[in-house]
Amino acid sequence: MSISARLEACARTFADGTVGLHPTTLDFPAGSVTALLGPSGCGKTTTLRLLAGLAAPDRGGRVLFDGQDVTRLPVEKRGIGMVFQGYALFPNRDVAGNIGFGLEVRGVSRAERDRRVAEMLRLTRLEGLASRRIDQLSGGQRQRVALARALAPAPGLLLLDEPFGALDARLRDTLRGELAALLEALGVTAVFVTHDQAEAMALGRRIVVMEAGRVAQTGTPEEVYRRPSTRFVGQFLGTLNHLGQDRFCRPEALRVDPGGAIPATVRACFFEGGRYRVIALPEGGDSEITFEIAASPPMPGSRLRLAVEAEAVLRLPA
Ligand SMILES: Nc1ncnc2c1ncn2[C@@H]1O[C@H](COP(=O)(O)OP(=O)(O)OP(=O)(O)O)[C@@H](O)[C@H]1O
Ligand SMILES: [Mg+2]
């Protein structure tokens, strides 16, 4: 059973006076998958720890699960599953022992435990590895064990902090896809932290972009990418071209057009598989702009004109 969660006016000030999170209200509807995205130190882990009950909000803040105040409820009573950076698996237990741990603690019968562990092994594609020791697993397999362990007690809320941080790019891609499918199938409310915009877009139906202890913008991946509310959000979500004053655009809003309004000199051109990425300096401008083309890469030093779709121009205050 998935639950809805709410942080209400939650702030977190540390003993040394550092503000990890300014007063923030955030809703996580039942069954939703939310990515907390932002640069290092912006308050992502702090937010997750408040939801988990690993930290308490400053006075006045409340944490609600399904409308019930759980602010004073300790972490073990909140019925959540957690996957944190570095997994923290139990080295002295085998794979099945790790996955079944949460069920054991809850006093679930042996038979039910075995059934549940087998289901988790299947869901996370770890069949055949039940009696392996943790140090005999690959990084990706360990990550799956951590996920299976968190999901085994059927938590109402799943919290993941940079779950793929330690893995190489290809494995991250694979696991991302698997996790997306798994969350969809289980319908569990999930909140995961990442500083990787591609990961946030791939996994989160909703992205909360954070900056310096505050929420900068909340929206679907398309909204935060296409309609960023600030320069910071725009730049964090991908390449943002500065067209002068408060005008910006994404690379895909530009096209080569002999009648285009922006004369520019090509600085560099990179082949990226399906297309070329071109960097050019507009005449009289001081910041380079990036665009993409499918064929006929221009030579560095050549001059061309670019047109921008009017409706794709973003106006972002400094
Ligand atoms: N125990 C603490 N005492 C003092 N300051 C802290 C403490 N824990 C975190 N902070 C500070 O609070 C801010 C937010 O930290 P947090 O761990 O939430 O960042 P984050 O977004 O998870 O970053 P990262 O991507 O690096 O994990 C940072 O400036 C951090 O230095
Ligand atoms: Mg963190």
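Start at helix α2, which passes helix α4 in a right-handed crossing. Right-handed here means that the near helix is turned clockwise from the far one by less than a right angle; anticlockwise would be left-handed. The contact residues to show are Val95, Asn98 and Ile99 of α2, with Val145, Ala148 and Arg149 of α4. Contact means heavy atoms within 4.5 Å.

Before going on, some ground rules. This is a predicted model, in which local features need pLDDT of at least 70 and side-chain atom pairs count only at pLDDT 80 or more, while totals for chains, interfaces and linings use all residues. Residues are numbered from 1 along each chain as its sequence is written, chains are lettered from A and ligands numbered from 1 in the order in which they are written, and side-chain values use heavy atoms, with hydrogens and water left out.

**The helix pair**

Select 95-105 for α2 and 139-151 for α4; their axes come within 6 Å and cross at roughly 30 degrees. Axes are lines fitted to C-alpha atoms, for helices over the stretch in contact, and angles run from 0 to 180 degrees between N-to-C directions. α2 and α4 are therefore roughly parallel. The classes are: under 35 degrees roughly parallel, over 145 roughly antiparallel, 65 to 115 roughly perpendicular, and the rest oblique.

Stay in α2 and pick Gly97. Gly97 is buried, at 16% relative accessible area. Buried means under 20% relative accessible area, exposed over 50%, and partly exposed in between (1.4 Å probe, protein chains only). Now add Arg132. Gly97 and Arg132 are 35 residues apart in sequence, and their C-alpha atoms are 9.8 Å apart in space.

**Zoom out**

Show the whole chain as a cartoon. Its secondary structure comes to eight helices and 18 strands. Helices (H or I, at least four residues) and strands (E, at least two) are DSSP runs, numbered from the N terminus. The C-alpha atoms fill a box of roughly 75 × 50 × 35 Å along the principal axes. Of the 318 residues, 45% count as buried. Take the contacts with a separation of 6 or more: residues 24 or more positions apart account for 61% of them.

**The β1 strand and its partners**

Select 5-13, strand β1, and 19-28, strand β2. Six bridges join β1 to β2, and the two run antiparallel. Two strands pair if DSSP finds at least two bridges between them. Thr13 has Val19 in β2 as its bridge partner. β1 and β2 form a hairpin, with five residues between them. In the turn, Gly17 has a positive phi of about 95 degrees.

Add β4, residues 62-65. β1 and β4 pair in the antiparallel sense over four bridges. Ala5 stands opposite Phe65 in β4.

**The five-stranded sheet**

Next is an open sheet with the order β13-β17-β14-β15-β16 and antiparallel pairing. Which strands stand at the edges? They are β13 (254-256) and β16 (289-293); each has a single partner strand, so one side of each is left without a neighbour in the sheet. The twist averages 50 degrees from one strand to the next.

Select 276-282 for β15. Five bridges join β15 to β16, and the two run antiparallel. Ile279 stands opposite Thr290 in β16.

**Two positive phi values**

Most residues other than glycine have a negative phi. Two exceptions are worth a click.

- Glu162: phi is near 45 degrees, a positive value in a residue other than glycine. Look in the loop between β7 (157-161) and α5 (169-186). Glu162 counts as buried, at 10% relative accessibility.
- Ala212: phi is positive, about 45 degrees, although Ala212 is not a glycine. Look in the loop between β9 (206-211) and β10 (214-219). Ala212 counts as exposed, at 56% relative accessibility.

**Cysteines**

Finish with the sulfurs. How many disulfides does the structure hold? Zero. A disulfide is a pair of cysteine sulfur atoms within 2.5 Å. Cys42 is in no disulfide; the nearest cysteine sulfur, that of Cys10, is 16 Å away. Cys42 is buried, with a relative accessible area of 2%.

Move to Cys249. The closest cysteine sulfur is in Cys269, 17 Å from that of Cys249 and too far for a bond. Cys249 counts as buried, at 0% relative accessibility.
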